[in-house]
Amino acid sequence: MSAQDIDSATLESGAGLPDDRRFGIAHGSAIDLPADNGWAPKSNFLQLVNCARLAAIVADYEAETGHLALKRDGRQVARANIQTPLGRTIIEDFLRAFLAGEVRGAPRIVEASGDFFTDSRNGKISLINLASVKDLERVVGGPVDPVRFRGNILLDGLPAWEEFSWLPDTRLKIGGAILKIYKRIERCAATSVNPATAERDTNIPLALRRGFGHIDMGLYATVEQSGVIATGDGLELLG
């Protein structure tokens, strides 16, 4: 669904951003979900790549209470505590009606028991260089919302594509945390969905290939040293 801004977060060694992809929306024909709700391939879940209409929903999750509020066109359409069976049922009922005819079977809210439902099991944190996104706009010929890339941390003040020189295994200090670069992030058709309109309006992977000879935007990193990060923190390369 939509991205959610936060001003600060405590990163724990070996873990991802707190609550990021803690819950997933499994489609009715999901067959690869472990019984213990551990990490599962993204093919089990609704995603923008197979359900662009999800982008039309603005989601606001309250970590303190477990409540998820969903809005459409500025109006709240559902709110419930998705840490409880009843709350998950309420959200599922809305999604089933909203996505009728677009998904396989009844959607089901699943809460991860250990590793969250991130795309990469090893790279827990995603970093996006805003200057690289700006350079992509030159190829696309129009604005590209960084939200398309669903980064955990947005980096400003760097030259475009400098982040790719940090591979492999560069260590970064951001706030009180130290991160270790894992790999570049290959982009799929999910990035072609406009997060403001829920329309597939720009072929982002094709634009990346045409303009730069690859389909990568951003980096995966792991948390090497726990610490608090916040908007406005500086970045220090540790080598």
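This is a short dialogue on reading a predicted model, from the whole chain down to helix 2.

Q: What should I know about the model before I start?
A: It is predicted, so local features need pLDDT of at least 70 and side-chain atom pairs count only at pLDDT 80 or more, while totals for chains, interfaces and linings use all residues. Residues are numbered from 1 along each chain as its sequence is written, and side-chain values use heavy atoms, with hydrogens and water left out.

Q: How many helices and strands does the chain have?
A: Helices (H or I, at least four residues) and strands (E, at least two) are DSSP runs, numbered from the N terminus. Here there are 3 helices and 13 strands.

Q: What does the radius of gyration tell me here?
A: The value is taken over C-alpha atoms, and the globule rule is 2.2 Å times the number of residues to the power 0.38. For 239 residues a compact globule would have a radius near 18 Å, and the chain agrees because its radius is 18 Å. The C-alpha trace spans about 50 × 40 × 35 Å along its principal axes.

Q: Which residues of helix 2 are buried?
A: Buried means under 20% relative accessible area, exposed over 50%, and partly exposed in between (1.4 Å probe, protein chains only). In helix 2, residues 130–140, they are S132, V133, D135, L136, E137 and V139. Across the chain, 44% of the 239 residues are buried.

Q: Where do these buried residues of helix 2 pack?
A: Contact means heavy atoms within 4.5 Å. They pack against strand 7 (125–129), helix 3 (204–212) and strand 11 (216–225).

Q: What follows helix 2?
A: Just after this helix, G141 takes a positive phi of about 85°.
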